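Here is a friendly walk through one protein chain, from helix faces to ring pairs. Please take a look at the sequence and the model before reading on.

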Amino acid sequence: MRWILKIEELFMFGLGIYLFNQLPYEWWWFLVLLLAPDIGMIGYLFGNKTGAFAYNFFHHKGVAIAIYLLGVYLTSPMVQLIGVILFSHASFDRILGYGLKYDKGFKYTHLGEIGNHNNG
């Protein structure tokens, strides 16, 4: 099952690349901005609960899609870019096994405990 989920995320990452390609930005912007959503990890400086909330906000695909669609509605490539980067980053993270966080600590995710190779 784990491989099926990773393949699904790989296709979603490909969708993010496709959507980025529809925007008026040079390709290198995608590479530069791809890790930007990890800014949400700063929340962990204020504790696990705040950290999990901040991290999950920047890694939630629903938020990413809503921002992208807002950009489409407003015909704002910049807002669309933010949505595409958030969406692509979340998919990339999940390919690597990083999921949305529980508030008991950074390594506890909806995909299992980070570093625990017995998660399936």
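A residue is called buried when its relative accessible area is under 20%, exposed when that area is over 50%, and partly exposed in between, using a 1.4 Å probe and protein chains only. By that scale E9 counts as buried, because its relative accessibility is 10%.

Before going further, please note that this is a predicted model, in which local features need pLDDT of at least 70, side-chain atom pairs count only at pLDDT 80 or more, and totals for chains, interfaces and linings use all residues. Residues are numbered from 1 along each chain as its sequence is written, and side-chain values use heavy atoms, with hydrogens and water left out.

**Helix α1**

Helices here are DSSP runs of H or I with at least four residues, strands are runs of E with at least two, and both are numbered from the N terminus. The expected span of a helix is 1.5 Å times one less than its number of residues. For the 20 residues of α1 (residues 2–21) this gives 28 Å, which agrees with the 29 Å between its end C-alpha atoms.

The buried residues of α1 are E9, F13, G16, L19 and F20. Seen down the axis, they fall within an arc of 115 degrees (the arc of the directions from the helix axis to the C-beta atoms), so they line one face of the helix. A general rule helps here: an α-helix has 3.6 residues a turn, so residues three or four places apart point the same way. W3, I4, F11 and N21 are exposed on the other side of α1. Among the elements that cover its buried residues are α2 (27–33), α4 (61–73) and α5 (77–95), where contact means heavy atoms within 4.5 Å.

**Helix α4 and the salt bridge**

α4 has 13 residues, which should span 18 Å at 1.5 Å a residue; its end C-alpha atoms are 18 Å apart, which agrees. K61, A64, Y68 and G71 are its buried residues. They cover an arc of only 85 degrees around the axis, which puts them on the same side of α4. The cover over these buried residues includes α1 and α5. After α4 comes T75, whose phi is positive, near 45 degrees.

How many salt bridges does the model hold, if one is a side-chain nitrogen of Lys or Arg within 4 Å of a carboxyl oxygen of Asp or Glu? The count comes to 1. The side chains of E9 and K61 form a salt bridge at 2.3 Å, N to O. This pair links distant parts of the chain, with E9 in helix α1 and K61 in helix α4, 52 residues apart. K61 is buried, because its relative accessible area is 12%.

**The nonpolar core**

A nonpolar core is a set of buried Ala, Val, Leu, Ile, Met, Phe, Trp, Tyr and Cys residues joined through side-chain atoms within 4.5 Å. The largest one has 11 residues: F13, L19, F20, L23, F30, L34, Y68, L81, V84, I85 and I95. The elements giving two or more residues to this core are α1 and α5, and the largest share, 4 residues, comes from α5. Leaving aside neighbours within four places in sequence, I85 is in contact with F30, L33, L34 and P37.

Another link across the sequence involves A36, found in the loop between α2 and α3 (48–58). A36 and H89 are 53 residues apart in sequence but 8.3 Å apart in space, C-alpha to C-alpha. A36 is partly exposed, with a relative accessible area of 39%.

**Aromatic pairs**

Rings of Phe, Tyr and Trp (its six-membered ring) pair if their centres lie within 6.5 Å; planes under 30 degrees apart count as stacked, over 60 as edge-to-face and the rest as tilted. The whole structure has 7 aromatic pairs, two of which are set out below.

| Pair | Type | Centre to centre | Angle between planes |
|---|---|---|---|
| F20 and F30 | tilted | 5.3 Å | 55 degrees |
| Y55 and F106 | edge-to-face | 5.7 Å | 85 degrees |

F20 lies in helix α1 and F30 in helix α2, 10 residues apart. F20 is buried, with a relative accessible area of 6%, and F30 is buried with a value of 6%. For the other pair, Y55 is in helix α3 and F106 in the loop between α5 and β1 (108–109), 51 residues apart. Y55 counts as buried at 2% relative accessibility, whereas F106 counts as partly exposed at 30%. Ring pairs also link F13, F20, F30 and F92 into a cluster.
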